[in-house]
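Got a few minutes to go through this model together? Let's ask of each label what earns it.

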Amino acid sequence: MADSPNTRHWRVLIYIVLFLFFAGISLLSTLYLAKTFYPREYDPLEMALQSMPATPQPGKPWWKRVFDFDRVPTDSRGRQGKNDNGAQVDRVGTGHGAPASNLSEEQLALREIGEAQVILRSQSGISETEALRRMRKSGIQGPFKSFEEERLVSRLLLVKYLDDQSNHQVLTKLKESAERAAKDPHASFEEAYYAGIACLLAGENDKAFGYLNTAIDTWPSRGRGYGNVFLFLMVSHAIRGESDTVIQMLGELKATYPDWLYVETYMPDMDDLEAVYPEATMIPMIKGFMYTIVLNFGEAEKAHHRALEAGGLDGSARDFIREQLDAIRRERDR
Amino acid sequence: MSQLLLCSWSSIMIFVFMVRKKYHWTVPSYRYILLFVFAGMNSTIPASLTNNFLGQHTDFYVFSGDRSESFIGFALGAGFGEEFYKLSSGLLVLLILGLFKARLRPVDRCLGMVTVGLAFATLENLLAYGGVGFWVMMTRGVLAVPLHATMSMIHGVAINKAYENGSLWPLFVGYWVSAILHTLYDTMSLFMPDIDPRLYLYPLVGLLLWWAWYEWAKLSEHPDTDSTDLTMQDAADA
């Protein structure tokens, strides 16, 4: 006898429950087996990148970030000043390290892939682990491979840190990675520079001083990259309280640092370092000088006064600041 | 607002077209339709979590450089995963309505399941593809959204078969068929990288739409039993 519609109705409801149960269990079991037998292979570099909290994305609610798994390109915020591209050299020279011209074709190819991933990270928002994965998928092998990977990781961490400078965990990992890269036999002037920057940001000026000196000694040629090293080395001297050296370097600033005119690009970096080293009252003095050479007398005076009021300056620094303030007054009176 | 429209134009058109084609004497129960919409939107959450899980914890990541890993990632995530969540969310609505003794006609069940698929596709557009260009969204409206609708139509047909025969197997068949077709849609480009995907995706979606249209047309607005609409006699009198 055929089932009544009512009976059939209830039977179908039971079948729905059975389907949901069995199909659901099968799917979850498959996912579990996939994770057990084909787990994602993370190595220490990927683990270091994975263990950090996600970069907060202002304006994007958490429920929308659930859907971001390297699919959605986003435009990251950027400051010009953060783009300290130490690799820009005006001409190829010989340094104590390994300038780009000395790299093998394979290493150059791997490095280009790495640089592309850094750009994709900062412009298109791919994840750090995806960037590293893509570099590894290139299949290029050689004794330089682990160095290039470490180099990529330190660059990615720098980009991540610049996106969210409140993330101290990232800064710690950045410093560790940059130092490992700088100590590698394949390291060059660039790695020393980035290690110096990372140590400077992390509050370890003594280490930064060593790295930045190595960088400036081995930099192949003058230009924007050299100028950046010069700038941060000057700040390192300022933090150490070496006023005579700082004053001398300020005198050479315009000749050495091509971007001196674009104060809006590097002043945020000075602000960041002033926040890390509040006791280094020569940093406001440097800022005051930089504002003076671009004729922003208002900001220059504020910075110089701040340096004087904070105290801790020696005689040479105070005299220098007074000379600067007098010069500003004379300019204004003209 | 324009972004919302860009993400939903195709879903709205498909829904309106289906209703106008079928519901001449009756109207669908919009309370139930809302439940299906809600279910479809909710199904995007486990789908996204599954895709994230695959990408972070397994080698089967859709953007993996390895073709076979990518294929399995699509199959598990997009194919079997998404289709399960869409089908199960629709089934849950039917289960709840069934427990409250709400009787839906086959045409209502199909419309409900397609609504789940359309809601899923719309939310996917908004959340995962919001911000991409105008023409990308138009293309998704022509390809991806109808694909989700036709997959859900398969679910609807399977559910109707289950109700008609009082059996379980149509649900599994419908699930597998939709999962395999969805996987095929997502992975064909992996195995034919040199061929413009439009050359095979448009015909595939076109074929599926034709089939779905045929099945929709076959359904009667007036089955012989259980609904709140007009009886045959009332319809004749009207």
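A helix here is a DSSP run of H or I that is at least four residues long, numbered from the N terminus. Keep in mind that this is a predicted model.

Q: What makes the place of A:Arg121 a helix position?
A: A:Arg121 sits in helix H4 of chain A, residues 105–124. A helix needs at least four residues in a DSSP run, so the label holds for the stretch 105–124.

Q: Why is A:Arg121 called buried?
A: The relative accessible area of A:Arg121 is 7%. Buried means under 20%, so A:Arg121 counts as buried.

Q: How do you know that the side chains of A:Arg121 and A:Glu128 are in polar contact?
A: They are joined at 2.6 Å, and the cut-off for a pair of N or O atoms is within 3.5 Å. The side chain of A:Asp163 also has a polar contact with that of A:Arg121, at 3.3 Å. Both values fit the cut-off, so both pairs earn the name.

Q: Why is A:Leu295 called exposed, and where is it found?
A: A:Leu295 has 60% relative accessibility; exposed means over 50%, so the label fits. The residue is in the loop between helix H13 (282–293) and helix H14 (297–310) of chain A.

Q: What makes the phi of A:Leu295 worth a remark?
A: Phi of A:Leu295 is near 65°, a positive value, and the residue is not glycine. Most residues other than glycine have a negative phi.

Q: Which residue of chain B has a positive phi, and why is it called exposed?
A: That's B:Lys101, with phi near 60°. B:Lys101 is in the loop between H4 and H5 of chain B. Its relative accessibility is 55%, and exposed means over 50%, so B:Lys101 counts as exposed.

Q: What elements make up chain B, and what about chain A?
A: Chain B has ten helices and zero strands. Chain A has 15 helices, again with zero strands.

Q: How much of each chain counts as buried?
A: In chain B, 56% of the 238 residues do. In chain A, the share is 50% of 334 residues. The test for each residue is a relative accessible area under 20%.

Q: How do you know that chain B and chain A touch?
A: Contact means heavy atoms within 4.5 Å, and 49 residues of chain B are in contact with 37 residues of chain A. Between them the two chains bury about 4100 Å², with 70% of that on carbon and sulfur atoms. B:Tyr61, B:Leu127 and B:Tyr163 supply 15% of the area that chain B buries against chain A, more than any other three residues.

Q: What holds for salt bridges and polar contacts across this interface?
A: A salt bridge needs a side-chain nitrogen of Lys or Arg within 4 Å of a carboxyl oxygen of Asp or Glu, and the rule finds zero of them between chain B and chain A. For polar contacts, the count is four residue pairs, both residues at pLDDT 80 or more.

Q: Which helix supplies the largest share of the side of chain B that touches chain A?
A: H4(B), with 14 residues. By class, that side of chain B has 26 nonpolar, 17 polar and six charged residues.

Conventions. Residues numbered from 1 in each chain as written. Chains lettered and ligands numbered in written order. Heavy atoms only, no water. Helix = DSSP H or I, 4+ residues; strand = E, 2+ residues; numbered from the N terminus. Buried < 20%, exposed > 50% of the residue type's maximum accessible area, 1.4 Å probe, protein only. Polar contact = N/O pair within 3.5 Å; in protein donor to acceptor, adjacent residues only side chain to side chain. Buried area = accessible area lost by both parts, 1.4 Å probe. Nonpolar A, V, L, I, M, F, W, Y, C, P; charged D, E, K, R; others polar.
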